[in-house]
Amino acid sequence: MEAKASTGKYWIYFFIWLVIIVAMLVYSPVRQFFWLALPGLCTSFAKGMDIM
């Protein structure tokens, strides 16, 4: 039987990545780099939901 791991730090990472992505979309000169931050957001969301 496996112990349930804490996912709190992944939720913190998720919200940090979310702020970064929103800032990148608002600040137009770096808008094309949005795709570079997207994997960090998706990964931290999946780990926060304990999917991975």
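Where is Ser 28 found? Select this residue to begin the tour of what is a predicted model: Ser 28 sits in the loop between α1 and α2, and with a relative accessibility of 45% it counts as partly exposed. Keep Ser 28 selected and add Ile 51, and the viewer should show two residues that are 23 positions apart in sequence while their C-alpha atoms lie 33 Å apart in space.

Turn next to helix α1, which covers residues 8-26, and select Ile 16 within that helix. Its relative accessible area is 45%, so Ile 16 is classed as partly exposed, the class that lies between buried (under 20%) and exposed (over 50%). Now widen the selection to Ile 12, Tyr 13, Ile 16, Trp 17 and Ile 20, which together form a nonpolar patch on the surface with about 460 Å² of accessible area. A surface representation is a convenient way to view this patch.

From Ile 16, move across to Ser 44, where the C-alpha atoms of the two residues are separated by 9.8 Å although their positions lie 28 residues apart along the chain, counted as a separation in sequence. Ser 44 belongs to helix α2, which runs over residues 34-48. Is Ser 44 buried or exposed? With 5% relative accessibility, Ser 44 counts as buried. Display the side chain of Ser 44 together with the backbone of Leu 41, and a polar atom of that side chain will be found 3.1 Å from the backbone oxygen of Leu 41. Then select the contacts of Ser 44, setting aside neighbours within four places in sequence, and the residues that appear are Tyr 10, Tyr 13, Phe 14 and Trp 17. Two of these names, Tyr 13 and Trp 17, have already been met as members of the nonpolar surface patch.

The aromatic rings make the next stop, and a search of the whole structure finds seven aromatic pairs. Select Phe 14 and Phe 45, whose rings form a tilted pair with 5.5 Å from centre to centre and 45° between the planes. Because Phe 14 lies in helix α1 and Phe 45 in helix α2, this pair ties together parts that are 31 residues apart in sequence. The two partners fall into separate classes of accessibility, since Phe 14 counts as buried at 13%, whereas Phe 45 counts as partly exposed at 36%.

For another geometry, select Phe 34 and Trp 35, where the ring centres are 5.0 Å apart and the planes stand at 75°, so the pair is edge-to-face. Here Phe 34 is buried, with a relative accessible area of 15%, while Trp 35 counts as exposed at 61% relative accessibility. Before leaving the rings, return to Phe 14 and Phe 45 and add Trp 11 and Phe 15 to the selection, as ring pairs link these four residues into a cluster.

The last stop is Asp 50, which is found in the segment after α2. What is the sign of its phi angle? Asp 50 has a positive phi of about 60° although it is not a glycine, and it is therefore worth displaying the backbone of this residue when inspecting the segment. Asp 50 is partly exposed, with a relative accessible area of 36%.

Terms used. Residues are numbered from 1 along each chain as its sequence is written. This is a predicted model: local features need pLDDT of at least 70, side-chain atom pairs count only at pLDDT 80 or more; totals for chains, interfaces and linings use all residues. Side-chain values use heavy atoms; hydrogens and water are left out. Patches are made of residues with over 30% relative accessible area and no salt bridge: like charges are joined within 9 Å, nonpolar side chains (Val, Leu, Ile, Met, Phe, Trp, Tyr) within 5 Å. Accessible areas come from the Shrake-Rupley method with a 1.4 Å probe; for residues, only the protein chains shown count as cover. A salt bridge is a side-chain nitrogen of Lys or Arg within 4 Å of a carboxyl oxygen of Asp or Glu. Helices (H or I, at least four residues) and strands (E, at least two) are DSSP runs, numbered from the N terminus. Buried means under 20% relative accessible area, exposed over 50%, partly exposed in between (1.4 Å probe, protein chains only). A polar contact is a pair of N or O atoms within 3.5 Å; within protein, one must be able to donate a hydrogen and the other to accept it, and residues adjacent in sequence count only if both atoms are side-chain atoms. Contact means heavy atoms within 4.5 Å. Rings of Phe, Tyr and Trp (its six-membered ring) pair if their centres lie within 6.5 Å; planes under 30 degrees apart count as stacked, over 60 as edge-to-face and the rest as tilted.
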